Amino acid sequence: MAELQQLILDLLDANGSIPDTRALTIPGQSQPAASQDAQIIVLGALNSLLSREMVTFESHETLAHVLTPEGTQIAVEGSHEARVWAALPAKGQGAPVTVPKLKELVGNEAASVGQGRAFKNKWIEKEGDGFVRKAETIQDSTKLDMLEVQSTGTLKTGDTVLADLRKRKLIVQRKAQWFTVAKGSNFSTSTAKPETDLTVEMLTSGAWKTSTFKKYNFDAEGAPTTGGSLHPLLKVREEIRSIFLEMGFAEMPTGSFVESGFWCFDALFVPQQHPAREVQDTFYLSDPPRSLDPEPKYYKTVSTVHEHGGFGSTGYRAPWSHDETTKLLLRTHTTASSAHMLYKLAARCRGESVDEDDRPTASATKSPSGVDDGFRPAKLFSIDRVFRNETLDATHLAEFHQVEGVVADRNLTLADLIGFMKVFFSKMGIQQVRFKPAYNPYTEPSLEIFAFHPMLNRWVEVGNSGMFRPEMLEPMGFPKDVRVHGWGLSLERPTMIRYGINNIRTLLGHKTSIDAIENSPAPML
Ligand SMILES: N[C@@H](Cc1ccccc1)C(=O)O
């Protein structure tokens, strides 16, 4: 409002100060700016001048009156009694208006309230079973009062009328502001916009010497900065990682997404004819096409157990193909990494010399004979990506994350696995778990893990587990009394449950909202 700003500056120039802004008349308006709405406009102009230090001002508070919705209606349409009067014919100039007709004309409320008041004011009179005008002209003082309150916040006639209007709920009292204004340090009567930039033109022409520049506003809020933030999967990953760490687990290296058929399947005693190995389920690499062979003695033992049995097993008695073992593939489970680590853990049992610092193990435990057979217990975990040639849908992607753990110690039982699972899941906030017998080529017994989902009100499968078979462990060189239990779960499922997401594409892929990721809450732990 440049004109208002100019007016304020001119008044200051003439009088030195403005003692009460309610006395100003805003350009384009007929009355002084006494209403609260007008003072808000004045405040806008003052703030703009203040930012250029052209004025200073103080604000004062008073109680002012404002119209209620009913009062506003009267200011526009007139009082009920005036509307009743206006609806009637002058005496002798038409048929008297009956009550039902009046209600039709001005509405129920105006008809009943207005009729009484109009009588009291001697504006109307009865004729037959209807009403006609009595007064030739009327003065709708309620409407005039409303207009006065609307523009000044008060009434010249004084407090009694104001109190009456308050009682009639036509006006209410509100806090209102008004201002006293004085000249600021940069006072001038020119409201020319200050420069915001120093330009090359100003420098060359010398205009900068006479220009006024806008002050820096150091209190202004900066543009919001965006930075990196963890994806929900990484947050839950971190949460699960810290559960493992506090339970004394060490993290396994899982950097190699590409594995050989040998480590992903054969070492785990997965039969070479198993459907999981087929191209519908597994992504194979064409380049490079083949892996190197594993250590020959271990390879020989593994192939013999598969083909002919051993370690108390009859084996699969099916032909063995070297070709299958050297196929390269994207690992279908992180149990391939566990197999590498267990093989490494058994190195000392195979009589190989082991660098003490290079072992993921706890201290020595006694073998049954009392002689150190090289075995060291271990608790290992990993959380990383796996790949399956799946049909994509709301809950499946071709790549996902597996949370995997293995515990190796002497004489572990299924009860150890179940007990461990209960503790592990309760730390994840899942108190109710159930187990169901299942089949895994590399574990016996195997258990599917179900958790009760309070939101879905049903049991959902959360993982798969079991005791690794001797056909897998003994070829690695583990002593007979060493048992290893392991389990795997997806990271996506608990993350989706935790964040209430029911379509995996909301979590990963091009449909993911970056905002939702940035604003996703931290995990529980
Ligand atoms: N590898 C299994 C999980 C598992 C790991 C370890 C032992 C038993 C089961 C899976 O992909 O579902």
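This note walks through one helix, one residue and one ligand site in a predicted model.

1. Helix α12, length. Start with α12, which covers residues 296–307. Its twelve residues should span 16 Å at 1.5 Å a residue. The end C-alpha atoms are 16 Å apart, so the expected span and the model agree.

2. Helix α12, buried side. Which residues of α12 are buried? They are Tyr298, Tyr299, Val302, Ser303, Val305 and His306. Seen down the helix axis, these buried residues fall within an arc of 160°. They therefore line one face of α12.

3. Helix α12, packing partners. The buried residues of α12 pack against four other helices by name: α11 (261–264), α13, α14 (335–345) and α16 (470–476). Of these, α13 comes up again in point 6, through Thr326.

4. Helix α12, the other face. Look at the face turned away from the buried side. Pro296, Lys297 and Lys300 sit there, and they are exposed.

5. Helix α12, its two ends. What caps the N-terminal end of α12? Glu295 does: one of its side-chain oxygens lies 3.1 Å from the backbone nitrogen of Lys297. Lys297 is also one of the exposed residues on the face away from the buried side. Just after the helix, Gly309 takes a positive phi of about 95°.

6. Thr326. This residue belongs to helix α13, which runs over residues 322–326. Is Thr326 buried or exposed? Its relative accessible area is 5%. The cut-off for buried is under 20%, so Thr326 counts as buried.

7. Thr326, its surroundings. Set aside the neighbours within four places in sequence. Thr326 is then in contact with Pro289, Arg290, Ser291 and Asp293. Arg290 deserves a second look: its side chain and that of Thr326 are joined by a polar contact of 3.0 Å.

8. The ligand, nearest residues. Around the ligand there are 15 residues. Those that come nearest are His333, Thr335, Arg388, Gln402 and Tyr442.

9. The ligand, polar atoms. Where do side chains meet the ligand's oxygen and nitrogen atoms? In Arg388, a side-chain N or O atom is 2.9 Å from a ligand oxygen. For Gln402, the distance from a side-chain N or O atom to a ligand oxygen is 2.8 Å. Tyr442 places a polar side-chain atom 2.8 Å from a ligand nitrogen. On its own, the ligand has 320 Å² of accessible area, and the protein covers 92% of that.

Note on methods: Residues numbered from 1 in each chain as written. Predicted model: local features only at pLDDT ≥ 70, side-chain atom pairs only at ≥ 80, totals over all residues. Heavy atoms only, no water. Helix = DSSP H or I, 4+ residues; strand = E, 2+ residues; numbered from the N terminus. Buried < 20%, exposed > 50% of the residue type's maximum accessible area, 1.4 Å probe, protein only. Polar contact = N/O pair within 3.5 Å; in protein donor to acceptor, adjacent residues only side chain to side chain. Contact = heavy atoms within 4.5 Å. Expected span 1.5 Å × (residues − 1). Arc of directions from axis to C-beta. Near = heavy atom within 4 Å. Areas by Shrake-Rupley, 256 points an atom, 1.4 Å probe, with all protein chains shown as cover.
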